[in-house]
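Thanks for coming, everyone. I'll walk through one chain this morning, starting with its backbone oddities. Please have a look at the screen.

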Amino acid sequence: MLSGAKPIEKESEHYFFDLPRYETLLKTWTHGDHLQTEVANKLDEWFDSGLKQWDISRDAPYFGFLIPGTEDKYFYVWLDAPIGYMASFKKYCETHKDIAFDDYWGADAKNELYHFVGKDIIYFHALFWPAMLEGSGHRMPTAIFSHGFLTINGKKMSKSRGTFIEARTYLNHLNPEYLRYYFAAKLNARVDDLDLNFDDFSSRINADLVGKVVNIASRCAGFINKRFDNTLAAELDNPALYHDLLNARKDVADAFVARDYALAIRQTMACADKVNQYIDAHKPWVLAKDESRQDDVHRVCSMSLNAFRVLMTCLKPVLPNMAEAAETFLNCEPLTFANVENPLLNHTINRFKPLMQRVDPAHLEALHHENKGS
């Protein structure tokens, strides 16, 4: 807010980080597949104008950490804030003796190290921070992934306008895995802004997770539970379909590694469509009415539940709680991209319990009401 007061000039001693010293290194690093292309190109503007000495001190009153040997000089927050990544990991290593700090942060560390940041703070993380790490004898990040801004129903987040939602307010009314799925379905490897549109949010959760994925299990589990003593068939009804799902699983894994979560979700939902088409084509609810077709019912439903297992494996990185519930239902070991290679045959499952509820409009309304009142 503008006060109208006349600024007062004061002399003050400051401390600087010698950023130009690392200019050659940073030029190479920023174009070394560590950043998204658009981020690397944007940072070229800094090199075009020439890197300057970076003022890393602030006069009191300030917050944070005093610079050693001073009484009124503080480290600038963006100098010490990224060091918190290292400090928190150091603390973790102290309680997990099998993990060594230097194996991840040492200059010769071989483990991969990734940062995920907002686009408005990218230059702190992709210029200043790598230089600090190099200067202090630590490794630089494997890659830094930058994301755009989040809007709510197309509007910038604002408490006064009721478009700012706190995590606790959301959790009071909605399943956190709804949001994990929604964000994953919209996030790609580019620096794009993301809008949380609650109509679209409800539609995606209800149509994709409940209507496509959970629907597979709910449609078939009852037949296995009631007619076949909770036991899956001894062979796959359609090995070719299962093979196709396993091939798609590899593509999904590649998309996750490339941080293109939206692509991973689209590929998984395309597989869910194939499985639902398979069920619709065989109509086990119709076959069940014919006593002579019970073996067909057994095979079709067993095939479908094995397909469901592959789908949940693909979704586990995004929906860990739902995947854990699916593991309990399927009575199987924790789902991994490797062990799903072998289908569950002549295998006993547990009784089906709902794995994901549809988004309740009343809960959405309660969320908006509480948010406006907070």
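Asn153 sits in the loop between strand 7 (150–152) and strand 8 (155–156). Helices and strands here are DSSP runs, H or I of at least four residues for helices and E of at least two for strands, numbered from the N terminus. Asn153 is not a glycine, yet its phi is positive, about 50°. It is partly exposed, at 38% relative accessibility. On the cut-offs: buried is under 20% relative accessible area, exposed is over 50%, and partly exposed is in between, with a 1.4 Å probe and protein chains only.

A word on the source. This is a predicted model, where local features need pLDDT of at least 70, side-chain atom pairs count only at pLDDT 80 or more, and totals for chains, interfaces and linings use all residues. Residues are numbered from 1 along each chain as its sequence is written, and side-chain values use heavy atoms, with hydrogens and water left out.

Back to the backbone. Most residues other than glycine have a negative phi, and most peptide bonds are trans. Asp33 also has a positive phi, near 65°. Its place is the loop between helix 1 (23–30) and helix 2 (37–49). Asp33 counts as exposed, at 75% relative accessibility. Then there is the peptide bond from Ala60 to Pro61: it is cis, with omega near 0°. Pro61 lies in the loop between strand 3 (57–59) and strand 4.

Strand 4 covers residues 73–75, and Lys73 is part of it. Is Lys73 buried or exposed? Buried, with a relative accessible area of 8%. Its side chain makes a polar contact of 2.7 Å with that of Ser12. A polar contact is a pair of N or O atoms within 3.5 Å; within protein, one must be able to donate a hydrogen and the other to accept it, and residues adjacent in sequence count only if both atoms are side-chain atoms. Leaving out residues up to four places away in sequence, Lys73 touches a set that includes Glu13, Asp59 and Phe65. Contact means heavy atoms within 4.5 Å.

Next, helix 11. It runs over residues 261–282 and reaches 32 Å from first C-alpha to last, close to the 32 Å expected. The expected span is 1.5 Å times one less than the number of residues. Among its buried residues are Tyr261, Met269 and Cys271. Their cover includes helix 9 (198–227) and helix 13 (294–315). Right after helix 11 comes Lys283, with a positive phi near 45°. As for helix 13, 20 of its 22 residues are buried.

Now the cysteines. How many disulfides does the structure hold? Zero. A disulfide here is a pair of cysteine sulfur atoms within 2.5 Å. Cys220 has its closest cysteine sulfur in Cys301, 4.2 Å away, too far for a bond. Cys220 is buried, at 0% relative accessible area. For Cys314, the closest cysteine sulfur is in Cys271, at 6.4 Å, also too far for a bond.

Last, the whole chain. It has 15 helices and nine strands. Of its 374 residues, 44% count as buried. The radius of gyration is 27 Å, against near 21 Å for a compact globule of 374 residues. That radius is taken over C-alpha atoms, and the globule rule is 2.2 Å times the number of residues to the power 0.38. The C-alpha atoms fill a box of roughly 95 × 50 × 40 Å along the principal axes.
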